[in-house]
Amino acid sequence: MFTGIVETVGEVVGFTPGTGGVARLTVAVGAIAERLRLGDSLAVSGVCLTAVELGAGRFVADLAAETLARTTLAALRTGAKVNLELPTRAGAPLGGHVVQGHVDGVGTVVGLDPVAAGATGTDWVLRVRLPEELRRYVVAKGSIAVEGISLTVAGVEGDAIWIAILPHTYAATNLHALKVGMGVNLEVDVLAKYAEARKVSGGGVTTEYLLANGY
C-alpha cells in the first residue's frame with residue numbers, strides 16, 4: 001500500500017519493448033536506491049512495479065501487456081521524469097490517502113496554469129479530463145491519485161476536474177514537466193469503488209461493512 005506522498009522524482013534511463021507485449025523499464029531512483037531490495041515494490045508515477053534487477057542506483061521492472069494498456073508507461077522515453085514512492089510501513093502515518101498502485105485509467109491534461117505568487121512560490125491549477133468510466137467515482141473535496149500523487153479534487157467541471165497545486169508539490173514531483181495534451185495515470189479513491197459496488201449490488205456502506213473490510 002502507498003499513500004500518494006511522493007518521495008523523489010526518478011528519471012527513465014531505459015525502455016525496451018519485449019516480446020508478447022512485455023517491456024522492460026529502467027529508472028534512476030536517486031537516494032532511495034539504498035533502501036530497495038530485489039523483489040521490492042515501488043510506485044512509479046502511480047503504478048506498482050516489482051524490482052527484477054537493481055544496481056548502480058537503478059531500478060528495473062518488467063511491464064506486462066495489461067500495465068502497458070492501462071497506464072502511461074508505454075509512452076515513457078529516456079529522460080522522462082517519474083514520481084517514486086516506496087510502500088508505507090505498517091504503523092507509519094498515513095500522510096495522503098490509501099493508494100494501491102493499481103491505475104484505474106489515463107486522464108488528459110487540459111490545463112496547468114499559475115494562479116498566484118506568494119512568499120513560498122507560485123500556486124497552480126491543474127485541470128484533467130477524466131475517462132467516462134471514472135467520473136462516477138470522483139467528487140469535489142474527494143481524493144484522487146494523479147501520477148501517484150495524493151491530491152484533493154477542488155472542483156468538477158463537466159468531464160474534467162480541477163486541482164489546486166501548492167508550490168512544493170509542483171516542484172517536488174513530475175507535475176512541473178506536464179504539458180497540455182499529455183496523459184496522466186489516475187487512481188480513484190478505493191472507498192468510492194467499494195461504495196459504488198455496494199450500491200450496484202443493492203447494499204449500503206455501513207460502519208460494520210467498512211470495519212469488516214479493513215477500514
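Mentor: A salt bridge is a side-chain nitrogen of Lys or Arg within 4 Å of a carboxyl oxygen of Asp or Glu. Please keep in mind that the model before us is predicted.

Trainee: What makes the contact of Lys81 and Glu11 a salt bridge?

Mentor: The N to O distance between the side chains of Lys81 and Glu11 is 3.0 Å. The limit is 4 Å, so the pair qualifies. Lys81 belongs to strand S7 and Glu11 to strand S1, and the pair links distant parts of the chain, 70 residues apart.

Trainee: Why are Lys81 and Glu11 called partly exposed?

Mentor: Lys81 has a relative accessibility of 36%, and Glu11 has a relative accessible area of 32%. Buried means under 20% and exposed means over 50%, so a value in between is called partly exposed.

Trainee: How do you know that Glu7 and Arg35 form a salt bridge?

Mentor: The closest N and O atoms of Glu7 and Arg35 are 2.8 Å apart, and the definition asks for a distance within 4 Å. This pair, too, links distant parts of the chain: Glu7 sits in the segment before strand S1 (8–17), while Arg35 sits in the loop between strand S2 (23–28) and S3, 28 residues apart. Glu7, at 36%, is partly exposed, and Arg35, at 45%, is also partly exposed.

Trainee: Where do Arg70 and Glu66 lie, and what makes their contact a salt bridge?

Mentor: Both residues lie in helix H1 (residues 65–70), four residues apart, which is about one turn of the helix. Their side chains meet at 2.4 Å, N to O, and the cut-off is 4 Å, so the name applies. Arg70 has a relative accessibility of 43% and counts as partly exposed; Glu66, at 49%, counts as partly exposed as well.

Trainee: How many salt bridges does a search of the whole structure find?

Mentor: The search finds eight. Beyond single pairs, there is a network of salt bridges that links Arg24, Glu53 and Asp62.

Trainee: Let us turn to the sheets. What makes S4 and S5 edge strands?

Mentor: Seven strands form an open sheet in the order S4-S3-S7-S1-S2-S6-S5, with antiparallel pairing. Strand S4 (47–50) and strand S5 (53–55) each have a single partner strand, so one side of each is left without a neighbour in the sheet. Neighbouring strands of this sheet are turned by 35° against each other on average, direction ignored.

Trainee: How do you know that S3 and S7 count as paired?

Mentor: Strand S3 (residues 41–44) and strand S7 (residues 81–85) are joined in the antiparallel sense over two bridges. Pairing requires at least two bridges, so the condition is met. Ala43 stands opposite Glu85 in S7.

Trainee: What is the strand order in the other open sheet of seven strands, and which way do the strands pair?

Mentor: The order is S11-S10-S14-S8-S9-S13-S12, and the pairing is antiparallel. Its edge strands are strand S11 (149–152) and strand S12 (155–157), each of which pairs on one side only. The twist averages 40° from one strand to the next. Within this sheet, strand S10 (residues 143–146) pairs with strand S14 (residues 183–188) in the antiparallel sense over three bridges, and Val146 has Leu186 in S14 as its bridge partner.

Trainee: What is notable about the phi of Ser45 and of Ala56?

Mentor: Most residues other than glycine have a negative phi. Ser45 has a positive phi of about 50°, and Ala56 has a positive phi of about 55°. Ser45 lies in the loop between S3 and S4, whereas Ala56 lies in the loop between S5 and strand S6 (58–63).

Trainee: Which of the words buried or exposed applies to Ser45, and which to Ala56?

Mentor: Ser45 is at 2% relative accessibility, so it counts as buried, the limit being under 20%. Ala56 is at 79%, so it counts as exposed, the limit being over 50%.

Trainee: Finally, why is the pair of Trp124 and Tyr170 called stacked?

Mentor: The structure holds one aromatic pair. The ring centres of Trp124 and Tyr170 are 4.1 Å apart and their planes stand at 5°. Centres must lie within 6.5 Å, and planes under 30 degrees apart count as stacked, so both conditions hold. Trp124 lies in strand S9 (residues 121–129) and Tyr170 in helix H2 (residues 167–172), so the pair ties together parts that are 46 residues apart in sequence. Both Trp124 and Tyr170 are buried.

Definitions and conventions:
Residues are numbered from 1 along each chain as its sequence is written. This is a predicted model: local features need pLDDT of at least 70, side-chain atom pairs count only at pLDDT 80 or more; totals for chains, interfaces and linings use all residues. Side-chain values use heavy atoms; hydrogens and water are left out. Axes are lines fitted to C-alpha atoms, for helices over the stretch in contact, and angles run from 0 to 180 degrees between N-to-C directions. Buried means under 20% relative accessible area, exposed over 50%, partly exposed in between (1.4 Å probe, protein chains only). Rings of Phe, Tyr and Trp (its six-membered ring) pair if their centres lie within 6.5 Å; planes under 30 degrees apart count as stacked, over 60 as edge-to-face and the rest as tilted.
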